[in-house]
Amino acid sequence: MKKQQNVLQNRLTGADGVRALACLLVIAHHISQRLNMMTQTKGVQEAQAFFLMGNAGVSIFFVLSGFLLSYPFWKRYVENDDFPSMKQYTVRRAARIIPGYYIAILVSILVIWLGHIPVERLGTRLLAGFTFTAGFSYVTFFPVDTNAALWSISFEVFSYLLMPLFMFGLYKLPGRSRSFWRAMAYWAGALILVYYANQLVHQLFTPDNIRRGWQYGNIGGAKYWMPNYNPLGFFGHFSMGILAAGITAGLFKIQEKLKALKKFGVFDLIASMSLAGAFYILWEFRRALEFSHSLQNQPYFFPSFAALVAVALAAAPHSVLVGRILDNPFFRFTSRVSFGLYVWHYFIIFLVSDLWAKDYVYMGTSSLGRWGWISLAIVAVSYIIATLSYYLVEKPILDKAHKIS
C-alpha cells in the first residue's frame, strides 16, 4: 500500500493535462495572430480575441514548472528527510532543456544563414541564447528572429536556479522539527521579497523610449516588454507553483484524514472551479490592454491567473475525476512532446509565412478557411517534429541522465 501511495504522489495527477493546455494555448495564440480580425464576423472576432489570450499559457508553464520541480524538495521536507541531491537536479534539468533547445537555435541560425536574413546584433544574441542569459537585456531577449518563442527559456533556467536556493533556506530554518505552516509563511515571505525586488528592477532598469515598440522589430518589441517581462518577475509565477507543491505535499501527508473530502468531490470542485476561473479571466479580459489588470504591470494577469492555476494543480492530485479527465490520452501525449511543440511551432510558422503563404503574417490572412487549413497543417507538422524530437533526441538523453544521477 505504501509503495502504491508513493507512485501516486510521484505522478501528480493532472499535471500532464495542465502542461498540454499550456502548450496548446501558446500555439493557439500564435496562429490566431495570423487571422485578420477586421474581416471576420462578430462571433469569430470574439473567439479570436479569446484565443489571442493563449499567450497566458506561458504563465501556466512557469507555475507548472515550479510545482513539479519543487515537489521533490517539499516531499523530503515534510518527511523530515535530507535536502535532495543537487547533482541529480542539475543533470536532469540540463538534459531536459539543453539538447532540444540548442538544436532549435542551431536550425534557426542555419535558416538565417541560408536565407540571408538580416538580423541585428546576431552574435551578441546568440551568445546570450546559448548561455541562457538572453532575458536580461532587450537586445538579446529574442535570441533568434526566426524562432521568437525561445525567449522564455532563459527565464525558466533563471527560476531553476533560484528555486533550490530558496528551498535550501527553508531547510536551514532553525528549529528541531519542521512545520508545514512555518514553511508556508517562509514562502509567503519569499514572494514578498520577490515583489519588492521586482519593484527595484522597474525603478532601475526601465528602458528609455528611443526605438521602443514592435514597429522597430523584435529588439524594439522586447524593449517595449521590458521590464514588465523580466526573469525575477517570472519567478513570481514560478513561486505560485512552488506554494502549490508545498500544499500538495502537506495534503499527501494527511491523506488518510482527507478520505471523506475526496469521496464527496471537494478536491474535484476546487480543481474544476479554479481552472474555470482561470479561463474566465482570459475570456473577461480578452480585449484588455497588455499589462493591465496585473500586479506590477506583469503579463498574464498576475497574480490572479497564476494563483488559480496553482490551486488547480494543488487540488488535482487529490481529486477523483478532474485529474483523470485532465490526463486523458491525447493530453498525456501532448504533454510528453510539449517541449518540442513549444520550441518548434513558431519556427514552422516563420517558414510557412516566409517561403509559402506570404499573407500568413500578423493579422494578414483574411480568409477564415485559408487560415484554418494552413493553421491545421502547421499544428500537424509541429506534432510530427515534436514527436521525432522527443523519441530521437530528448528521451534518449533523459534516460541516460536518470541512469547517471
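Trainee: Is Asn230 buried or exposed?

Mentor: Buried. This is a predicted model, and in it Asn230 has a relative accessible area of 4%. The cut-off for buried is under 20%, so Asn230 qualifies.

Trainee: Where does Asn230 sit?

Mentor: In a loop. Asn230 lies between α9 and α10, and α10 covers 231-253.

Trainee: Which backbone atoms lie by the side chain of Asn230?

Mentor: Two to look at. The backbone oxygen of Pro227 is 2.7 Å from a polar atom of the Asn230 side chain. The backbone nitrogen of Leu232 is 2.9 Å from a polar atom of that side chain.

Trainee: And which residues does Asn230 contact, leaving aside its neighbours within four places in sequence?

Mentor: Phe155, Asn198, Val201 and His202.

Trainee: New topic. How many salt bridges are in the whole structure?

Mentor: The search finds 13. Take Glu46 and Arg287 as one of them. Their side chains meet with N to O at 3.1 Å. Glu46 is in helix α3, residues 42-51. Arg287 is in the loop between α12 and α13. The two are 241 residues apart, so this pair links distant parts of the chain.

Trainee: Which of those words fits Glu46, buried or exposed?

Mentor: Glu46 is buried, at 13% relative accessible area. Arg287 is partly exposed, at 46%.

Trainee: What about Lys395 and Asp399, how far apart are they in the helix?

Mentor: Four residues, in helix α17, which spans residues 368-404. They are separated by about one helical turn because of that four-residue spacing. Their side chains meet in a salt bridge, 2.9 Å from N to O. Lys395 is partly exposed at 31%. Asp399 is partly exposed too, at 34% relative accessibility.

Trainee: Which residues do shared salt-bridge partners join into one network?

Mentor: Lys42, Glu46, Arg286 and Arg287. You met Glu46 and Arg287 as a pair earlier.

Trainee: What does Asp81 pair with?

Mentor: Arg76. The closest N and O atoms of that salt bridge are 3.6 Å apart. Asp81 is partly exposed, with a relative accessible area of 30%. Arg76 is partly exposed as well, at 29%.

Trainee: Let's do empty space. How is it found?

Mentor: A probe the size of a water molecule is rolled over the atoms, and that shows where space is left empty.

Trainee: How many cavities of 30 Å³ or more are there?

Mentor: One, by the rule used here. The largest cavity has a volume of about 40 Å³.

Trainee: Which residues line the largest cavity?

Mentor: Val18, Leu21, Ile60, Leu275, Ala278, Phe279, Phe305 and Val309. By class, that makes eight nonpolar residues, with no polar and no charged ones.

Trainee: Which helices supply at least two residues each?

Mentor: α2 (15-32), α12 (266-284) and α13 (304-315). The largest share is from α12, with three residues.

Trainee: Now pockets. What volume does the largest pocket have?

Mentor: About 1600 Å³. It is lined by 41 residues. Arg19, Leu68, Leu69, Arg93 and Arg96 lie nearest its centre.

Trainee: Which helix gives the most to that lining?

Mentor: α4, with eleven residues. α4 covers 57-78. Other helices supply at least two residues each, among them α5 (86-114) and α7 (151-171).

Trainee: How does the lining of the largest pocket divide by class?

Mentor: Into 20 nonpolar, eight polar and 13 charged residues.

Trainee: And the second largest pocket, what is its volume?

Mentor: About 1300 Å³. The lining of the second largest pocket has 42 residues. Nearest the centre are His29, Gln33, Trp214, Trp225 and Tyr362.

Trainee: Which helices supply at least two residues each to that one?

Mentor: α2, α9 and α16, with α9 covering 217-225.

Trainee: How do the residues of the second lining divide by class?

Mentor: Into 28 nonpolar, nine polar and five charged. Set that beside the largest pocket, where 13 of the lining residues are charged.

Definitions and conventions
Residues are numbered from 1 along each chain as its sequence is written. This is a predicted model: local features need pLDDT of at least 70, side-chain atom pairs count only at pLDDT 80 or more; totals for chains, interfaces and linings use all residues. Side-chain values use heavy atoms; hydrogens and water are left out. On a 1 Å grid over the protein atoms alone, a cavity is a set of points where a 1.4 Å probe fits but cannot get out, and a pocket is an open set with protein on both sides within 12 Å along at least five of seven lines; lining residues have an atom within 4 Å of a point. Grid points are joined across faces, edges and corners, and a volume is the space filled by probe spheres set on the points. Ala, Val, Leu, Ile, Met, Phe, Trp, Tyr, Cys and Pro count as nonpolar, Asp, Glu, Lys and Arg as charged, and the others, Gly among them, as polar. A salt bridge is a side-chain nitrogen of Lys or Arg within 4 Å of a carboxyl oxygen of Asp or Glu. Buried means under 20% relative accessible area, exposed over 50%, partly exposed in between (1.4 Å probe, protein chains only). A polar contact is a pair of N or O atoms within 3.5 Å; within protein, one must be able to donate a hydrogen and the other to accept it, and residues adjacent in sequence count only if both atoms are side-chain atoms. Contact means heavy atoms within 4.5 Å.
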